[in-house]
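Me: Could you take a close look at one spot where the backbone does something odd, and then work outward from there? I'm happy with a long answer, as long as it hangs together.

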Amino acid sequence: MSYQHLLAELDLGFTRLRNRVVMGSMHTGMEDRFWNYPKLAAYFRERAKGGVGLIVTGGISPNRQGWLLPFGGTLNSVFDLRNHRLLTQAVHAEGGKIALQILHAGRYGYQPLVVSASALKSPISKFKPRALSVAGIAKTVRDYARCARLAQRAGYDGVEIMGSEGYLLNQFLCPRTNRRSDQYGGSIENRMRLAREIVERVRAVCGERFIVVYRISLIDLVEGGNTWDETVQVAQALEAAGVTIFNTGIGWHEARVPTIVTSVPRAAFAELSARLKAAVKVPVIVSNRINTPEVAEDLLAQGAGDLVSMARPLLADPDFVVKTAEGRTQEINTCIACNQACLDHTFRNQRATCLVNPRAGRETELVYRPVSTPQAVRSIAVVGAGPAGLSAATVAAWRGHRVTLFDANAQVGGQFNLAMRVPGKEEFSETIRYFQSQLQRHQVDVRLNTRVDPALLAAGGYDDVIVATGIVPRRPSIAGIDGPNVLSYVDVLRGAPVGRRVAVIGAGGIGFDVSEFLLHRADEPLPMPRDAWLDEWGVDLTVRERGGLKPPVAAQPAREIWLLQRKPGKLGMGLGKTSGWVHRATLAKNGVKMLAGVSYLEIAARGLKIARDGAEEWLDVDTIVVCAGQESLRNLHPQNVANGGGQAGAPRYHLIGGAKVATELDAKRAIREGAELAAAL
Ligand code: FAD
Ligand code: NAP
Ligand code: SF4
């Protein structure tokens with residue numbers, strides 16, 4: 001594939017973008033504190049160096065009312081210019097371009113000063129907004145213009161005015177949140193007045209030679225959202241007001257339809273940006289669930305947009321564009337849309353990073369340096385080619401160490417080989433593919449089908465042994481647990497036959513995943529085709545009705561499932577903030593009975609006997625699947641090795657990933673621990 005569309009320059013008349021890749025706005029948490037701007041500059045510099053055409057910063061508020069969080073990132077005074085110049089200079093030094101996103105959170109602000117079109121609280125925030133007065137609106141317009149002009153003075157190439165995802169401008173645009181009866185409410189002409197005035201004023205103060213991106217909501221996915229005809233009217237009015245480029249947004253944050261998690265089909269909403277492109281003359285950016293150069297190139301070739309926005313994929317791999325241009329797409333570290341280290345961190349007020357790339361957002365802290373002298377090269381054995389071992393082996397080899405990687409299995413990837421069998425998680429295979437490319441590139445000696453024992457390690461004469469042997473599934477002691485009707489999640493995901501009525505013991509991430517796996521019928525195609533997915537979630541891409549919602553098609557689960565946990569309270573509370581609700585909603589739609597506060601009494605041929613709320617009952621099921629957590633496997637560690645490490649001339653032993661601590665282990669920790677250890681060896 002030549003990627004001629006993706007890599008083509010874009011001439012905007014007064015300036016040029018070097019290619020069609022836009023790094024979409026992502027809140028990293030670093031924008032909010034001035035002392036983090038040097039780190040933020042390093043983060044952007046790396047992405048500009050990797051070839052991105054246009055970078056859009058995380059959201060910066062034009063005033064205090066617009067803060068997402070108390071004291072969130074704001075650009076409203078000349079005293080802020082010094083920090084922002086660090087960012088623009090870093091990007092320009094690498095030949096890139098950067099736009100500041102102006103984001104007024106409106107009623108999504110998690111702070112008491114919030115304002116909106118009307119005094120209506122959002123379901124996802126505890127603060128009720130004050131309705132802006134007409135004078136308050138005029139001041140808001142002035143604040144946007146001041147912010148844009150300051151951005152221009154700080155050296156930004158443009159601004160992106162955030163008009164989607166349910167933030168302030170969306171709140172004015174839609175009847176759901178705009179109940180005003182003045183010149184800013186009622187008809188669509190009135191509801192769009194604020195957005196139009198802002199674009200006009202920004203254009204007026206910044207002049208013609210400044211990029212003004214407007215991020216427009218193409219489908220709101222909430223009741224009381226706009227119709228397609230209204231969206232086109234808004235776009236045409238904003239184009240006339242001075243927009244240079246339209247970026248596109250899908251769904252409000254309060255929508256109950258997933259828009260970016262792994263289970264959303266790739267480019268599921270791209271046909272909407274194609275329709276917008278046909279309705280306006282300025283370039284359109286296509287977005288949402290685009291994470292490979294192939295998908296991006298296809299979309300541009302088919303005319304779905306003029307540019308492609310990728311946000312998380314550039315957290316995962318800052319060199320996405322360079323690798324594409326050099327024909328090294330197999331080496332791209334693909335974002336798997338898990339949200340675990342980016343959005344979930346943001347929602348917990350932690351700095352955003354990336355599960356598959358622990359350096360993201362920590363470019364100045366987690367630094368990989370090549371080994372300085374031939375004497376410093378170490379001979380390293382890594383035992384276990386799961387995420388932890390793969391990460392350690394590839395970083396150590398990149399640095400120049402001599403690395404041998406062992407795994408008892410016939411393929412690398414560890415538990416990711418099971419994870420990728422879960423419907424909606426097929427893309428976990430991309431991480432395995434990425435690591436395979438790195439093993440090859442950095443000449444790691446990979447020995448598969450090799451169960452390592454102390455003798456093999458001793459014979460190797462290694463300087464370091466990294467024990468990354470992972471876990472073993474926990475087998476709870478319940479009477480009858482060894483019966484023929486009991487399977488572990490490993491058996492199930494490897495294809496063992498399972499009956500029609502199933503009890504799943506344990507409702508952690510794996511209990512949820514296994515339940516989803518069992519709901520799918522064998523004849524259903526995976527990954528789920530886009531149209532079936534749209535029907536399941538009740539999405540109507542014609543957007544004839546407000547918000548683009550339609551009645552969802554009833555699910556037809558393959559099995560009847562009971563998902564059980566011992567602790568009281570709602571199931572799945574330990575799942576990710578931004579993805580857990582999708583898993584819970586999926587199981588609920590498929591009729592899975594989720595029971596908490598359960599004691600397991602006995603397993604017999606008729607099923608599983610439990611106690612709950614003081615009463616005993618039999619669940620008459622054909623199969624019981626155990627997903628009761630995991631325990632570390634570390635029988636190779638010195639304390640378990642006769643005459644093992646710690647002696648003169650003996651290797652240094654290191655424990656990482658599941659082998660170190662199995663509790664609350666996820667791939668994020670496994671990959672980070674591997675990288676941190678290898679960076680320090
Ligand atoms: P492992 O992946 O367990 O790898 C250990 C490796 O060591 C194995 O390949 C094993 O064969 C090898 N090994 C063991 N002993 C020896 C020996 N003596 N000699 C040679 N080789 C040996 N995590 C997330 O963060 N997000 C998710 O969405 C997610 N979903 C999951 C879904 C499923 C169904 C499963 C099963 C797991 C999921 N996980 C998820 C968990 C994630 O996969 C683990 O946290 C991660 O794999 C742990 O990495 P590890 O390298 O420590 O161990
Ligand atoms: P887990 O999250 O620790 O869940 C284990 C479940 O088993 C819990 O429901 C626990 O709840 C139950 N349990 C524990 N000990 C038990 C016992 N002795 N008898 C019966 N039940 C017992 O672990 P997991 O589901 O195996 O997942 C492993 C790791 O993979 C997790 O840490 C997770 O982060 C990661 N993962 C993540 C995702 C994701 O989507 N982010 C998906 C899959 C896996 P009770 O004790 O209340 O019964
Ligand atoms: Fe993508 Fe997950 Fe990394 Fe976020 S944490 S950028 S979703 S791979």
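Reply: Let's start at R289, which sits in the loop between β11 (285–286) and α9 (293–301). Helices here are DSSP runs of H or I with at least four residues, strands are runs of E with at least two, and both are numbered from the N terminus. Before going on, a word on the ground rules: this is a predicted model, where local features need pLDDT of at least 70 and side-chain atom pairs count only at pLDDT 80 or more, while totals for chains, interfaces and linings use all residues. Residues count from 1 along each chain as its sequence is written, chains are lettered from A and ligands numbered from 1 in the order in which they are written, and side-chain values use heavy atoms, with hydrogens and water left out.

So what's odd about R289? Its phi is near 55 degrees, a positive value in a residue other than glycine. R289 also counts as buried, because its relative accessibility is 5%. (Buried means under 20% relative accessible area, exposed over 50%, and partly exposed in between, using a 1.4 Å probe and protein chains only.)

N339 makes a nice companion to R289. N339 isn't a glycine and still has a positive phi, about 65 degrees. Its loop is the one between α11 (320–325) and α12 (343–347), and with 2% relative accessibility N339 counts as buried.

N339 also brings us to a ligand. Ligand 3 has around it R312, L315, C335, I336, A337, C338, N339, A341, C342, C354 and L355; a residue is near a molecule if one of its heavy atoms lies within 4 Å of it. That shell divides into nine nonpolar residues, one polar and one charged. In this scheme Ala, Val, Leu, Ile, Met, Phe, Trp, Tyr, Cys and Pro are nonpolar, Asp, Glu, Lys and Arg are charged, and the others, Gly among them, are polar. The space that ligand 3 takes is the largest cavity, a cavity being a set of points, on a 1 Å grid over the protein atoms alone, where a 1.4 Å probe fits but cannot get out.

One further backbone oddity is a cis peptide bond, from L526 to P527, with omega near -10 degrees. P527 belongs to the loop between α18 (509–519) and α19 (530–537).

Now for the strands. Earlier in the chain, β9 (residues 211–219) has nine of its nine residues buried, so the rest of the structure largely encloses this strand. Its partners are easy to trace: β8 (residues 158–163) is joined to β9 by six bridges and runs parallel to it, with M162 opposite R215. β10 (residues 245–250) is also joined to β9 by six bridges, again parallel, and there Y214 has F246 as its bridge partner. For two strands to pair, DSSP has to find at least two bridges between them.

Strand β25 (residues 623–626) is covered on both faces: T623 and V625 on one side, I624 and V626 on the other, are all buried. That split fits a general habit: in a regular strand the side chains alternate between the two faces of the sheet. β18 (residues 486–488) pairs with β25 in the parallel sense over three bridges, and V486 stands opposite I624. β19 (residues 501–505) runs parallel to β25 too, over four bridges, with V502 facing T623.

For contrast in layout, look at the open sheet β22-β23-β24, three strands with antiparallel pairing. β22 (599–604) and β24 (615–619) are at the edges with a single partner strand each, so one side of each has no neighbour in the sheet. From one strand to the next the twist averages 20 degrees, taken between lines fitted to C-alpha atoms, with angles running from 0 to 180 degrees between N-to-C directions. β23 (residues 607–612) and β24 run antiparallel and share five bridges; L608 stands opposite L619 there.

Last, two distances. D453, in the loop between β15 (445–447) and α16 (454–460), counts as partly exposed, since its relative accessibility is 37%. D453 and N635 are 182 residues apart in sequence, with 8.8 Å from C-alpha to C-alpha. V467, in strand β16 (residues 464–467), counts as buried because its relative accessibility is 0%. V467 and K128 are 339 residues apart along the chain, and their C-alpha atoms are separated by 52 Å.

Note on methods: On a 1 Å grid over the protein atoms alone, a cavity is a set of points where a 1.4 Å probe fits but cannot get out, and a pocket is an open set with protein on both sides within 12 Å along at least five of seven lines; lining residues have an atom within 4 Å of a point. A molecule sits in a cavity or pocket if more than half of its atoms lie within 2 Å of its grid points.
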